[in-house]
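Biologist: Could you pick one part of this model and take me through it closely? I would like to see how the pieces there fit together.

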Amino acid sequence: MAGENSAGPPHEFPMASVHPVLGPALMISSPVLILGGPSPAASELSQRLRGIDVKVLLASSAETARQALQVDAPELFVVDARSSRRVGDLERVMEGLRASTEPSAVLHWFDADVELERLLETVHPQDDHMAGPISVQEALRRLHLITARLPERTEGERLLVGDLELDTAARTVRRGGRDIDLSDTEFRLLRLLMRHARTVLPKAEILQQVWEYEFAGQANIVELYISYVRKKIEADMPRMIHTVRGAGYVLRPADHGPSSPSSASSAGSP
């Protein structure tokens, strides 16, 4: 996984850090669940976390939070408890989150006039909180600090879609028992598609999450790397990555029936 193989692209496109001031030492557990109504702070925090390769889960209700717990088992939460953003019955929802996830830590966002009694009742020793206007830069620093209070996650993330398997800790990809060598960019692209399997991802979203910023005049980079990944994971095997014209790309488990496309289909246009 350290570099390109002969079947891959001739070189990697240059990468740019969206917020280089954070530095390489910033470490935040993945994934992070943000619980609360839509807000500019939540939107910016989501983008910044994804920019440092942290999976973000957004939940605006108790039900979506429970679904995220079942699928991704996050240990780190950002809970927007401000009166204009908080979800209904927040205290009960938080009890359920803590009971379902052990260990866990929470960064609470409160209104500026939050009472001390409520802080003491809500914020646990391993947690942290912010009150008043939310600084996303400060939120990132606090997430970094409370991450250190949790046991280190060593198992990584294992994604399985049909016969395709990706392991983030070992940085390996296998399909049908066959090892597949991907470049760093190809690995990030495939991981994104597998995390959102069966969901159509627009080209603009792929560009933002894989390359962290938009290439001016180079949007075709997504098509280029989709074709690279297709050639590697679909060689002599049924197609998994599909183009949805006018919408984007979607990865689905392969259909192994008699009408399944073979390697010939994987050589088609992206």
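Modeller: Happily! First, a word on names: helices (H or I, at least four residues) and strands (E, at least two) are DSSP runs, numbered from the N terminus. This is a predicted model, in which local features need pLDDT of at least 70 and side-chain atom pairs count only at pLDDT 80 or more, while totals for chains, interfaces and linings use all residues. Residues are numbered from 1 along each chain as its sequence is written, and side-chain values use heavy atoms, with hydrogens and water left out.

Let us take an open sheet and the two helices against it. The sheet has four strands in the order E6-E7-E8-E9, paired antiparallel; two strands pair if DSSP finds at least two bridges between them. Strands of a sheet pair through backbone hydrogen bonds, either parallel or antiparallel. Strand E6 (158–161) and strand E9 (178–180) stand at the edges with a single partner each, so one side of each has no neighbour in the sheet. On average, neighbouring strands are turned by 20° against each other, direction ignored. Within this sheet, E7 (residues 164–167) and E8 (residues 172–175) run antiparallel and are joined by four bridges, and Leu 164 stands opposite Arg 175 in E8.

Now for the helices. H6 packs on the sheet, touching E6, E7 and E8, and its direction makes about 115° with that of E7. Contact here means heavy atoms within 4.5 Å, and angles run from 0 to 180 degrees between N-to-C directions, with axes being lines fitted to C-alpha atoms, for helices over the stretch in contact. H8 lies across E7, E8 and E9, running at about 160° to E9.

These two helices also meet each other. H6 (residues 184–195) packs with H8 (residues 221–233) at an angle of about 85°, their axes 10 Å apart. The pair is therefore roughly perpendicular (65 to 115 degrees; under 35 counts as roughly parallel, over 145 as roughly antiparallel and the rest as oblique). H6 brings Thr 185, Glu 186, Leu 189, Leu 190 and Leu 193 to the contact, and H8 brings Tyr 225, Ile 226, Tyr 228, Val 229, Lys 232 and Ile 233. By class, the contact has eight nonpolar, one polar and two charged residues, where Ala, Val, Leu, Ile, Met, Phe, Trp, Tyr, Cys and Pro count as nonpolar, Asp, Glu, Lys and Arg as charged, and the others, Gly among them, as polar.

Ile 226, in H8, is worth zooming in on. Its relative accessible area is 0%, which makes Ile 226 buried (under 20%; exposed is over 50%, partly exposed in between, with a 1.4 Å probe and protein chains only). Ile 226 and Leu 190 are 36 residues apart in sequence, yet 8.7 Å apart in space, C-alpha to C-alpha.

Finally, have a look at two loop residues. Most residues other than glycine have a negative phi. Arg 171, in the loop between E7 and E8, has a positive phi near 55° and is partly exposed, with a relative accessible area of 27%. Arg 198, in the loop between H6 and helix H7 (203–211), also has a positive phi, near 70°; with a relative accessible area of 58%, Arg 198 is exposed.
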